[in-house]
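Here's a quick briefing to read alongside the coordinates. Have the viewer open and click along as you go.

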Amino acid sequence: MTPTSWAQMVVDLYPPGSNSRDWTCTHCRVVQPPRTRHCHDCDKCVLQFDHHCIWLGTCIGKKNHCRFWWYISEETILCIWTAVLYIESLRLDVDKAWWKDFVGVILLAVLIFILIFLLLLWLFHSYIAVTNQTTYEVARRKRIFYLRGVPERVHPFSRGICRNLYDFCCSSQKGYILEAVPPREELEARAARYTCRDVICCRCC
């Protein structure tokens, strides 16, 4: 694909009248599709940018967000299992030095604190997976030019719960699917309240 054809394809993904300066990366000098952001830590533009994970040393984006969700799921399960083992060891009727129990209680308190953090992180990433959002879009919604004016409870890129989960976890399509910003009329229609007919027809799915 030539730079000209790429630029034209990206332009068609944005609302009419958008300023090219809003979606041209000032560092890479490339035309960014919607939901793309330049990561200063990795020094590259990332499709469907979520965040830069300092623990993994990489960006979380289009192709590895699902793996990141599984990673925090496994970490959460590991913390729960370790906390259960700690509690069982403290309940054992075995003669041991008092300071060992004291250290065990402190370590258990730290572990529970970490577990609460992991649970909240897991719930948050499960929510944004169901609604087809990213951490960056949730945190900087008012600063992203094509999300300004979109009602708070409307998720522009959501295709329904089932399709969102399929695209997030089970999609086997090769390459990258660039998502267009929905037109204003469609977003206003999504902002309408649910009716009994919408619930029966599974509008949210």
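What follows is a short tour, from the whole chain down to single residues.

Keep in mind that this is a predicted model. The chain has 7 helices and 4 strands, and from the N terminus on the elements go α-β-β-β-β-α-α-α-α-α-α. So much for the outline; here are the details, by topic.

**Overall numbers**
- Of the 205 residues in the chain, 31% are buried.
- The accessible surface adds up to about 13,900 Å², and carbon and sulfur atoms hold 62% of that.
- Take the contacts in the chain with a separation of 6 or more: 48% of them link residues 24 or more positions apart.

**Nonpolar cores**
- In soluble globular proteins, nonpolar side chains tend to end up buried together.
- Here the largest nonpolar core is made of 9 residues: Val10, Tyr14, Trp23, Val31, Ile144, Tyr146, Leu147, Phe157 and Val181.
- Apart from that one there is another core, with 6 residues, including Cys79, Ala83, Leu108 and Leu115.
- Ile144, a member of the largest core, is in contact with Tyr136 and Glu137 once its neighbours within four places in sequence are set aside.

**Helix H2**
- H2 covers residues 65-91, which is 27 residues; at 1.5 Å a residue it should span 39 Å, and its end C-alpha atoms are indeed 39 Å apart, so the two agree.
- The buried residues in H2 are His65, Cys66, Phe68, Trp69, Ile72, Ser73, Thr76, Cys79 and Ala83.
- An α-helix has 3.6 residues a turn, so residues three or four places apart point the same way.
- What do the buried residues of H2 pack against? Their partners are strand E3 (51-53), strand E4 (58-60), helix H3 (98-130) and helix H5 (161-170).
- Cys79 and Ala83 turn up twice in this tour: they are buried in H2, and they belong to the core of 6 residues.

**Cavities**
- Rolling a probe the size of a water molecule over the atoms shows where empty space is left.
- The count comes to 2 cavities of 30 Å³ or more.
- The largest cavity has a volume of about 70 Å³. It is lined by 10 residues, and the closest to its centre are Pro34, Leu47, Gln48, Ile177 and Glu179.

**His155**
- You'll find His155 in the loop between helix H4 (135-139) and H5.
- Is His155 buried or exposed? The cut-off for buried is under 20% relative accessible area, and His155 comes in at 18%, so it counts as buried.
- Not counting residues up to four places away in sequence, His155 touches Tyr127, Thr131, Gln133 and Arg190.

Notes: Residues are numbered from 1 along each chain as its sequence is written. This is a predicted model: local features need pLDDT of at least 70, side-chain atom pairs count only at pLDDT 80 or more; totals for chains, interfaces and linings use all residues. Side-chain values use heavy atoms; hydrogens and water are left out. A nonpolar core is a set of buried Ala, Val, Leu, Ile, Met, Phe, Trp, Tyr and Cys residues joined through side-chain atoms within 4.5 Å. Buried means under 20% relative accessible area, exposed over 50%, partly exposed in between (1.4 Å probe, protein chains only). Contact means heavy atoms within 4.5 Å. Helices (H or I, at least four residues) and strands (E, at least two) are DSSP runs, numbered from the N terminus. Accessible areas come from the Shrake-Rupley method with a 1.4 Å probe; for residues, only the protein chains shown count as cover. The expected span of a helix is 1.5 Å times one less than its number of residues. On a 1 Å grid over the protein atoms alone, a cavity is a set of points where a 1.4 Å probe fits but cannot get out, and a pocket is an open set with protein on both sides within 12 Å along at least five of seven lines; lining residues have an atom within 4 Å of a point. Grid points are joined across faces, edges and corners, and a volume is the space filled by probe spheres set on the points.
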